[in-house]
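Dear colleague,

I am passing on to you the structure we spoke of, and below it you will find some notes on what came out of it. Please read them with the coordinates open beside you.

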Amino acid sequence: MGKSVIELTGISKTYGKGDGAVRALTDVSMNVSEGDFVAILGASGSGKSTLMNIIGLMDAADSGEYFLDGVDIMKSRDSALTRMRGEKIGFIFQRYNLIPKYSVLYNTALPLLLSGMGFARAKKKASDTLERVGLSDKLRKKPAELSGGQAQRAAIARALVTDCPLLLADEPTGALDKKTGEDVLGFMRELNETAGKTILMITHDMHVSGFARTVVRIEDGRRVEA
Ligand SMILES: Nc1ncnc2c1ncn2[C@@H]1O[C@H](COP(=O)(O)OP(=O)(O)O)[C@@H](O)[C@H]1O
Ligand SMILES: [Mg+2]
């Protein structure tokens, strides 16, 4: 494994102010090396999604340091963060977040189309990526016509299509039965091992975190020994 892609030092985050304030993260530090497959393991409400939102440049920490690929995130402008998010990070969610009215092919091509790629090229790239995840025969289907495992593979294809080096997955198997979840996790491990993708996955489930190489545990917003 190579250099640090993610370097978090002393990250804290509180939602709201005064009496209603909720402290979600306290002094969290962690590094993710290039090529690693890291699970963030913690109970519901421990601060996992808050941490993922900060790492995914969708929310800002109140204090601490965050370097993504050597860039000082706390000092970056919103426009730079938006660009980095598009270029570097692919997101995978528990509920897939596919757009119901679009075909699997169009859902997968969308990040490319949004970044300005022409339709023919985007379609070709999306169908190549869908082949990689084993969905070549589902290009014309709508998300509702897929099984849960197929929908999550489509979502993984959408995350992969931009060739971003980092995948962030928030409870990627949370909506799947055990066997289908294991298939998806096995596929993620293969992406890590053979395609060299750096993966950061959130889970509350120790069985799921067992698929990762490195486990980071959080409890009540603090990092604890794994
Ligand atoms: N937008 C928000 N406003 C207020 N409190 C929040 C918000 N998001 C999360 N929280 C609180 O922050 C804590 C951590 O939540 P979260 O990061 O979602 O944990 P997890 O993903 O581990 O379940 C919880 O106490 C939660 O209720
Ligand atoms: Mg969560």
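The model is a predicted one, and I begin with its open sheet, which consists of six strands in the order 6-7-8-3-9-10 and has mixed pairing. The edges of this sheet are taken by strand 6 (89-93) and strand 10 (222-224), each of which has a single partner strand, so that one side of each is left without a neighbour in the sheet. On average, and with direction ignored, neighbouring strands here are turned by 25° against each other. Within the same order, strand 3 (residues 37-41) lies beside strand 9, and these two strands, the latter covering residues 214-219, pair in the parallel sense over four bridges. If you would like a place to start looking at that pairing, Ala 39 has Val 215 in strand 9 as its bridge partner.

A second pairing involves strand 1 (residues 4-15) and strand 2 (residues 22-33), which run in the antiparallel sense and are joined over eight bridges. Here Ile 6 has its bridge partner in strand 2, namely Val 32. The two strands form a hairpin with six residues between them, and in this hairpin Gly 16 takes a positive phi near 75°.

Gly 16 also appears in the surroundings of ligand 1, together with Tyr 15, Val 22, Ala 24, Gly 42, Ser 44, Gly 45, Ser 46, Gly 47, Lys 48, Ser 49 and Thr 50. Strand 2 and helix 1 (48-55) are the elements that give two or more residues to this shell, and helix 1 gives the most, with three residues. Divided by class, the shell around ligand 1 holds three nonpolar, eight polar and one charged residues.

Finally, there is a helix pair that you may wish to inspect. Helix 3 (residues 104-114) packs with helix 5 (residues 148-160) at an angle of about 30°, the axes being 7 Å apart, which makes helix 3 roughly parallel to helix 5, given that angles under 35 degrees count as such. The crossing of these two helices is right-handed. On the side of helix 3, the residues that meet helix 5 are Val 104, Asn 107, Thr 108, Leu 110 and Pro 111, while helix 5 contributes Ala 154, Ala 157 and Arg 158. By class, this contact of helix 3 with helix 5 comprises five nonpolar, two polar and one charged residues.

With best wishes

Key. Residues numbered from 1 in each chain as written. Chains lettered and ligands numbered in written order. Predicted model: local features only at pLDDT ≥ 70, side-chain atom pairs only at ≥ 80, totals over all residues. Axes fitted to C-alpha atoms, helices over the stretch in contact; angles between N-to-C directions. Parallel < 35°, antiparallel > 145°, perpendicular 65-115°, else oblique. Left-handed = near helix turned anticlockwise from the far one by under 90°. Contact = placed C-beta atoms within 7 Å. Nonpolar A, V, L, I, M, F, W, Y, C, P; charged D, E, K, R; others polar. Pairing = 2+ DSSP bridges. Near = placed C-beta within 6 Å.
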